[in-house]
Amino acid sequence: MTNTANIHPLSDSETHPHNQATVGAELKPLLIALLQQLGLFAQATNLQNDANDSDIDTAQLASLLTKHHIGFSVVKHHKQAILQSIHPFIVVPKEAEAFIVQRRNEALESFDRACGQWRAIKFEDIPESSHLFVIESLPSSKQNIRAFSAHLAKRTKWYRPVFWLSLLSSITGLAVPLFTMAVYDKVIGGQAPNVLPSIALGAALALAVLIASRLTRANVLASTSNRFARDLSNLTFRRLLSMPLMVLSRVGISNHMARMRNAEKVRTLLSGPGGAGLVDLPFTLIAFVTIALLSGWLVIVPIVMLLLFYLVMKAVNKYAQSASPTISSDYQNSINELAKNLLQLKSSGETDGWNTKFARQCKENCRQNFLYAKRNGLNAAIAHAMSLLTALVTVFTGIFLVLNQSISPGALIACVMLIWRITGPAQLAFSSSQKFSMMDSAIKQFDRFMQAGTENSELRLDTPITECPPAISFQHVTLRYSADTEPALSGVSAEIEPGENVAIIGPNACGKTSLLLAATGVVEAQAGYVTVNNKNLKQYDPEAFRQWAAFCPAEPDLFPGSLAENLRIAKPDASDDELIQALHAAGGDSLFNALNNDLNINLFNRGHTLLSAVEGSYISLARALLKQSTLVILDEPIANRNPAAKAALLNTFNTLKGKATVLFTSHDQELIQQADKVIILDKGAVVYAGPIPDQSQNKAATDSEENTQNG
């Protein structure tokens, strides 16, 4: 394992601002060369063809490595880390261009991109101010079954200082018992008060060292736990974003929130008095050794009592855990449901049923929590009683040794004081058994979560051709959201030519939105497939494909921030004029006027949006149009809007014809009539797919058929 004693993570504050532009311009070709040297040619081609990553910084470099499942760590310049490297790695100096280095036996080589060859360099050629992106593992089909432990292993640098600080505090913590023994045996028993100042001075120095070491250790533990919790939170959040929507929706939002809270459990376990006590537990061996040296076989008493302590507390903990609340999740779901549907409940005027249900759950939740708290109180009381019993047994046993003059009275008092150095951490460990159980459950959940598949894989690295409108084909697409529901799509087949404007229509819940989601790749069909430009949608890099495709959902999503910030989610580098033009194209002139033509106005007040769903839909549609993509997918783009908004969208559709492939769902006849093609769905199946039939021709054909039958 790499010695990381002097290795520190890369921070943004350590990168010179004036060097960011140069680094961004050079890191992309450097990363492409690194991927090629690692044998990851598909990943290198993906990055080379991705126009969205023209310039990348160190943070984006880390994100791209994570996206392609390449294990890495960012460390400061350290000889041991370089000599133990397995794969080529990137060196990012502060004052010079980044470059690739590899270790060949004990020698170092730098990759020359101009000639594509490796050339020998010296260790001194790597600037000491550099940071290293060390490649630790390559993509593998086998997921790490112990992801938590593997990630914790990267934080090993805190073990050594915590160990030495704990050892120092444990040794200096002996000062008070030994000082008390010296006072009883030498000052009082030996009638030698002249040695008291020197003994007191030594004890004071030891106490000062004890306090300083414990404060330093607390800072190290707090810093480590916070950094580790931050890393876990970021890792979990990135993993959630890369997982398929079908998996995320099936698990539920409450479980995702629980995963994010796992990082907080790590923080509370390591930091604070509880964490310090748990760290002190292995160092109780020093107290045992000291008792053995002072009183001989009297050390057997705390050992036996500690075993008895363990057996009793194990039984009591089992008794307490049997009363763990089981209704907490239902109770929390009821609160969430109330917050979500408060307006509907109040407007209906019928809240008696809800009050009865909530009152029952609240009563049962309180009863279960009271029983659990009562048993935990019993747990704490028994633990404290066992600590007192251990001290009393030690005193009574030691009295006979004092009477037999086997030990001195001062040694007995010192041993009793040392008993608390043993029972204190032991009591804390047993009282923290629930934390250990929660932590073990969180670790197992995290490991299972990290084993779940993501959308990113080495088989999905193609980038779409974004300059031309694409052709889209649905081939026998069947989609079912769960095993106990009817399929949302059943054998859907349709062909869409480049630049066509296609309306997807049908009754409510017929599968229109599901078909659009399948076209964006957000949901994956269980049978059949979707092709874009004659290539299976599953071959495309999902991130690159969705950055290209412009999608507008039926239900708008607004984020805390200004109007401009909400629009720039789709295009971060968009100018103010582009934002205004997109709002105009979406028919949002009335909304923009109502907001005093201010792009910087905050859309939220005290955590709640100031806009209605219709007003939010203007922003959602403007986001999609802001991309100026050649693939536009809109779900109910003008539902419940004013005529001016419809006219603006019709004008936008006329502008996009032939320039972009447009798929949209709608119930508006005027919007449907302007489409080049229509796909009619009913109960997830295609009823008709093709050009919009001419109503006059249909009427003539119908009249002719009736006349033939009458004749």
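This text walks through a predicted model, from its overall make-up to a strand region, a loop residue and a helix with its core.

The protein has 711 residues, and 44% of them are buried. Its secondary structure consists of 27 helices and 18 strands. Among contacts with a separation of 6 or more, 75% join residues that lie 24 or more positions apart. The exposed surface comes to about 37000 Å², and carbon and sulfur atoms supply 58% of that area.

A set of paired strands can be followed from β3 through β4 to β5. Strand β3 (residues 99-104) contains Q102. β3 pairs with β4 (residues 107-112) in the antiparallel sense, over four bridges. One pair in this ladder is R104 with its bridge partner A107 in β4. Two residues stand between the strands of this hairpin, and N105 takes a positive phi near 60° there. β4 in turn pairs with β5 (residues 117-121), again in the antiparallel sense, over five bridges. Here S110 has R119 of β5 as its bridge partner. The hairpin of β4 and β5 has four residues between the strands, and in this hairpin G116 takes a positive phi near 70°.

Within this region, is Q102 buried or exposed? Its relative accessible area is 12%, which is under the 20% cut-off, so Q102 counts as buried. The side chain of Q102 makes a polar contact of 2.8 Å with the side chain of E109. Leaving out residues up to four places away in sequence, Q102 touches P88, A107, L108, E109 and W118.

A second buried residue lies outside the strands. H68 is found in the loop between α3 (58-67) and β1 (71-76). H68 counts as buried because its relative accessibility is 7%, under the 20% limit. Not counting residues up to four places away in sequence, H68 touches Q43, N46, P139 and L461.

The helix to look at next is α24, which covers residues 613-626. At 1.5 Å a residue, its 14 residues should span 20 Å, and the end C-alpha atoms are 20 Å apart, so the expected and modelled spans agree. Just after α24, Q628 takes a positive phi of about 55°.

How many of the 14 residues of α24 are buried? Eleven are, so the helix is mostly covered. The buried residues are G616, S617, Y618, I619, S620, L621, A622, R623, A624, L625 and L626. In an α-helix there are 3.6 residues a turn, so residues three or four places apart point the same way. The buried residues of α24 form an unbroken list from G616 to L626. They pack against the helices α21 (563-567), α22 (576-585), α23 (589-594) and α25 (643-656), and against the strands β12 (550-552) and β15 (631-635).

The largest nonpolar core has 43 residues, and those with the most contacts inside it are L563, L567, I619, L634 and F664. α24 gives the largest share of this core, seven residues. Another core lies apart from it and has 31 residues, including M246, C510, V523 and A549. I619 is itself one of the buried residues of α24. Leaving aside neighbours within four places in sequence, I619 is in contact with L558, L563, N566, L567, L591, L603 and L611.

Key: Residues numbered from 1 in each chain as written. Predicted model: local features only at pLDDT ≥ 70, side-chain atom pairs only at ≥ 80, totals over all residues. Heavy atoms only, no water. Expected span 1.5 Å × (residues − 1). Buried < 20%, exposed > 50% of the residue type's maximum accessible area, 1.4 Å probe, protein only. Contact = heavy atoms within 4.5 Å. Areas by Shrake-Rupley, 256 points an atom, 1.4 Å probe, with all protein chains shown as cover. Polar contact = N/O pair within 3.5 Å; in protein donor to acceptor, adjacent residues only side chain to side chain. Pairing = 2+ DSSP bridges. Core = buried A, V, L, I, M, F, W, Y, C linked by side-chain atoms within 4.5 Å.
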